[in-house]
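Please examine the sequence and the structure below before reading on. The paragraphs that follow lead from one chain to the other.

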Amino acid sequence: MRSCAAIRGIEYHLPVATLTTADLSERFPDWGVERIESRTGIHTRHIAAADECASDLAYEAALKLFASGVAGPSDIDFLILCTQYPDYFVPTTACTLQSRLGLRTDAGAMDMNLGTSGFVYALGLAKGLIETGQASNVLVLTADTYSKFIHPLDRSVRTIFGDGAAATLVSGIDSDQPRIGPFVYGTDGSGAQNIIVKGGAARLPRFPVADQSVAPEDMPERPAGHLFMDGAEVFAFTLSAVPALFDALLRKSALSRDDIDLFVFHQANRHILETLRKKLAIPADRFVIAIGESGNTVSSTIPIAMKHALGDGRIAPGKTVALLGYGMGLSWGGTIVRW
Amino acid sequence: MTREEIRVKFAEIVEVSPAEVADDTPLESLAAWDSVAMVSFVALADEAGVKLQPKSLRSCSTVGQLFDAAGVSA
């Protein structure tokens, strides 16, 4: 028996304001929003307020986790915040959250910047910290506010992304078998341009403010300050990277498809999920689709989907769950979680 | 997948009847040929066992060229 990292609790928080398919349809009758929803399965996206940052959503998710009783602020000895929209360049947003959440000053805190693969990577880091004796209770916060990057007239991303945050407690427990892992990772930076916000950081600090009355697809050049996604390229990447990730994860864990009770993939949109599910021959009842009410919340989609599955009993003690994240970077990762 | 099968499925994607889609139909004339449809077409080609490079689709101007790009012979 040794101390193994295990997930002990998940909560999530979505901002109050919503953007529904009906809202978009009314505002943009020529977008064919209903047709888009029939593909994506997304009817509601939550949108952070103008003065609400990713860290504020992460803070609320953490409070919910503490309120659930699995741990209190004084139990946490390491905080990992996964976000692509920090409060500042300097200091680290996780440090500000240590203080706001009332965590101990002998707790470690750090940000990590990854998108939709981020939750799997954060679990990998948390496991490393716990199983090498560096930490006992790691608070993993995933939070993003992509809506702030999105041009109001960009149909291709406005219909997909929503804001949100999740809080996951990873703790060391006595167990005779690993509860998280093995891990498979992957990266292909040659696809960086396929999902990108070019402006605002060091490579392109200054750029013209985009005309908010012209759709980005009708501009001579994509506006640098806004999120750009080449949907077809990303879809093609997903169709080749995820099956390889899936095979590698099964091989490394010495499990077969039938040994896994539930598959939780990054919730990009229903079309991608269903295409992958069929391609990988995963039965629908062992595959989570929980995207309708929150959209693509980037690094929080996997914990949000897991929370849904905990609620309906598909994740329960004794279950084996496969988690697969993939997207911007391009970056991907997968792991097995035993409940 | 045969040319005929892909024609029927493509018509579904662009929301017209199969009779309205021929090899020489300009893609421009199909109102629903957009980024959403392009994604569906990549999925359709994948189903047929073809890994499409989306870049290769952008140079297509007719339906026939699109089917050629997906490796479905005439």
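In which strand of chain A does Pro182(A) lie? Pro182(A) belongs to strand β8 of that chain. The model under discussion is a predicted one, and every value quoted here is computed from it. The peptide bond that leads from Gly181(A) into Pro182(A) is cis, its omega being near 0 degrees.

Strand β8, which spans residues 180-187 of chain A, pairs with β13(A) in the antiparallel sense, and the pairing extends over 6 bridges. Within this pairing, Tyr185(A) has Gly333(A) of β13(A) as its bridge partner. Strand β13(A) also pairs with β12, residues 320-327 of chain A; these two strands run antiparallel and are joined by 8 bridges. Here Leu323(A) finds its bridge partner in Thr335(A) of β13(A).

How far is β13(A) enclosed by the rest of the structure? The strand covers residues 331-338, and 8 of its 8 residues are buried, so β13(A) is largely enclosed by its surroundings in the structure. The burial applies to both faces. On one side the buried residues are Ser331(A), Gly333(A), Thr335(A) and Val337(A), and on the other they are Trp332(A), Gly334(A), Ile336(A) and Arg338(A). Two of the residues on the first-named side, Gly333(A) and Thr335(A), are the bridge partners already mentioned.

The connection between β12(A) and β13(A) deserves separate attention. The two strands form a hairpin with 3 residues between them, and Gly329(A) in this hairpin takes a positive phi near 145 degrees. The peptide bond from Gly329(A) to Leu330(A) is cis, with omega near -5 degrees. Leu330(A) itself is located in the loop between β12 and β13 of chain A.

A further backbone feature of chain A concerns Val298(A), whose phi is near 65 degrees, a positive value in a residue other than glycine. Val298(A) sits in the loop between α8 (270-279) and α9 (301-311). Is this residue buried or exposed? With a relative accessible area of 1%, Val298(A) falls under the 20% limit and is therefore buried.

Chain B offers a counterpart in Glu15(B), which is not a glycine and yet has a positive phi of about 60 degrees. Its position is in the loop between α1 (3-13) and α2 (35-47) of chain B. Glu15(B) has a relative accessibility of 47% and so counts as partly exposed.

Turning to chain B as a whole, the chain has 4 helices and 0 strands, arranged from the N terminus on as α-α-α-α. For its 74 residues, a compact globule would have a radius of gyration near 11 Å; the value for chain B is 11 Å, which agrees with that expectation. Its C-alpha atoms fill a box of roughly 25 × 25 × 20 Å along the principal axes. Of the 74 residues, 47% count as buried. Among the contacts between residues at least 6 apart in sequence, 57% join residues at least 24 apart.

The surface and charges of chain B complete the account. The accessible surface amounts to about 3,700 Å², with 53% belonging to carbon and sulfur atoms. Chain B carries 6 positive and 12 negative charges, and the mean positions of the two sets are 9 Å apart.

Key
Residues numbered from 1 in each chain as written. Chains lettered and ligands numbered in written order. Predicted model: local features only at pLDDT ≥ 70, side-chain atom pairs only at ≥ 80, totals over all residues. Heavy atoms only, no water. Rg over C-alpha atoms; globule rule 2.2 N^0.38 Å. Buried < 20%, exposed > 50% of the residue type's maximum accessible area, 1.4 Å probe, protein only. Contact = heavy atoms within 4.5 Å. Areas by Shrake-Rupley, 256 points an atom, 1.4 Å probe, with all protein chains shown as cover. Lys, Arg positive; Asp, Glu negative; His and termini not counted. Charge placed at Lys NZ, Arg CZ, Asp CG, Glu CD. Pairing = 2+ DSSP bridges.
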